[in-house]
Amino acid sequence: MGTVLFVVTLHQTAPLLAKVIVLSACALAVGQFLYRGQYFPRVIMDVLSRLSDKAGLERAFEARAKKLATINAEDLARRVKARVVGQDETIDQIAIQLRRRFAAQGRNRPIAVFCFTGAPGTGKTHLAKALAEELFEDRNHLHFFDMSQYGQAFSASGLFGSPKGYVGSQSYGALTAALRDMSNAIVLLDEFEKAHPEVHKRFLAAWNDGFITEASDGARVSTSQAIFILTTNAAGRRISEIAQNHKGDRAELTQQVKSAMLDAQFAPEVLSRIDDVFIFNPLRGLDLARVVALEIERLAAQYDLKIAEGGIDVAVLVDTVEALGDRVDGGVRDVARAVEHQITDGLLDARGAGARFIRLVKEQDRVKIVHDPLEASGHLKDSASTSS
Ligand SMILES: Nc1ncnc2c1ncn2[C@@H]1O[C@H](COP(=O)(O)OP(=O)(O)OP(=O)(O)O)[C@@H](O)[C@H]1O
Ligand SMILES: [Mg+2]
């Protein structure tokens, strides 16, 4: 209103100046309108406006960033526990730590450096993978490195690149390339103790400085949005004993475990940079049955099959767990192998017969797979498939 009165008054005193002001304002408005890209030829528009919904995408990215800044620890723990059994306390602790650490982001170092330790086959690698998927809701946010492949001092170049003039300097190291392409991710350093101590030391810069330097071109790649998870079963037996006899608080437990890892050849400077150590319990009883059930579900999914509600016969689970007996050394790997051996043929047959939902029934010493076309009504129809 003020602007209109000003222009009208001006028009009476200096008509030419008023016209110039009105015309310039019009030109400015048209310019701004065009600048938004709506009347530009399609080829010079932002690719996202042209091929997608740029504004919607910007909103989605903002929502995602906000969500990760304030993760819901309880919800995260609940989702991970649905996939990893028998490690509830560890999962709760991890979720709480992550929530705190995400809230304190912005420091020039990774969000967290965690170490998972404990007996083989207790879910260390499995949990790290499940955590990446549940935290970022996407499989691509996991950078997996089998550290047993970096057992020689020179093999660090496979991760951090090779200096110019050396073999391999044409391409980035595997770690620098992964973090350059996706910096907000879990970096899983599996079986960390199997890498050479020189390789261990190269990680110190990643954890202390918040970036790593690619050797081939000197580029800095940020590590400040990454979560590093080291898994190890070095000193596994001693750590299990410490965990069993432990009564004090978590900090004290972590100190004791770190001293056991020091004796198992972990360098003190590497240990001092690990924020938290989590100990995995051996799996027993119902937890083993849960793993067997999850394993069956996973195998069935590979054949596009679903387990009908309550569809695994109790006897199948009891017998498999009993067959494992007290052999805890191989952990659930043995269970997984036994289950796979028993049901693979049956799953193949069921899929061949066009089943979608199946049930597993124990018949004498065999696991019989029956398929269930009317799953909602619980009506069963036998397929011809039986496996031993
Ligand atoms: N706690 C668990 N809950 C659900 N599944 C599990 C659990 N532990 C193991 N599994 C199953 O067993 C497989 C092997 O476990 P995983 O690789 O996580 O063992 P690990 O603790 O990393 O052992 P290692 O120290 O030998 O590497 C997993 O892929 C998963 O299918
Ligand atoms: Mg493992």
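Trainee: In this predicted model, which helix gives the largest share of the shell around ligand 1?
Mentor: α7 does, with three residues. Helices α7 (124-136), α14 (285-302) and α16 each supply at least two residues of that shell.

Trainee: What makes a residue count as part of the surroundings of ligand 1, and which come nearest?
Mentor: One of its heavy atoms must lie within 4 Å of the ligand. There are 17 residues around ligand 1, and Val-85, Gly-121, Lys-124, Thr-125 and Asn-233 come nearest. By class, the shell has six nonpolar, six polar and five charged residues.

Trainee: Why is the pair between Glu-295 and ligand 1 called a polar contact?
Mentor: A polar side-chain atom of Glu-295 lies 3.2 Å from an oxygen atom of ligand 1. The cut-off for a pair of N or O atoms is 3.5 Å, so the pair qualifies. Backbone N or O atoms also take part: one of Thr-122 lies 3.1 Å from a ligand oxygen, and one of Gly-123 lies 3.1 Å from a ligand nitrogen. Of the 630 Å² that ligand 1 exposes when taken alone, the protein buries 88%.

Trainee: What is the space taken by ligand 1 called?
Mentor: That space is the largest pocket.

Trainee: What makes the largest cavity a cavity, and what lines the space?
Mentor: A 1.4 Å probe fits there but cannot get out, so the term is cavity. Its volume is about 30 Å³. The lining consists of Ile-296, Val-316, Thr-320, Val-339, Gln-342, Ile-343 and Val-367, which divide into five nonpolar, two polar and no charged residues. Helix α16 gives the largest share of this lining, three residues.

Conventions:
Residues numbered from 1 in each chain as written. Chains lettered and ligands numbered in written order. Predicted model: local features only at pLDDT ≥ 70, side-chain atom pairs only at ≥ 80, totals over all residues. Heavy atoms only, no water. 1 Å grid on protein atoms, 1.4 Å probe; cavity = no way out; pocket = protein on both sides within 12 Å on 5 of 7 lines; lining within 4 Å. Points joined across faces, edges and corners; volume = space filled by probe spheres on them. Helix = DSSP H or I, 4+ residues; strand = E, 2+ residues; numbered from the N terminus. Nonpolar A, V, L, I, M, F, W, Y, C, P; charged D, E, K, R; others polar. Polar contact = N/O pair within 3.5 Å; in protein donor to acceptor, adjacent residues only side chain to side chain. Areas by Shrake-Rupley, 256 points an atom, 1.4 Å probe, with all protein chains shown as cover. Sits in = over half its atoms within 2 Å of the grid points.
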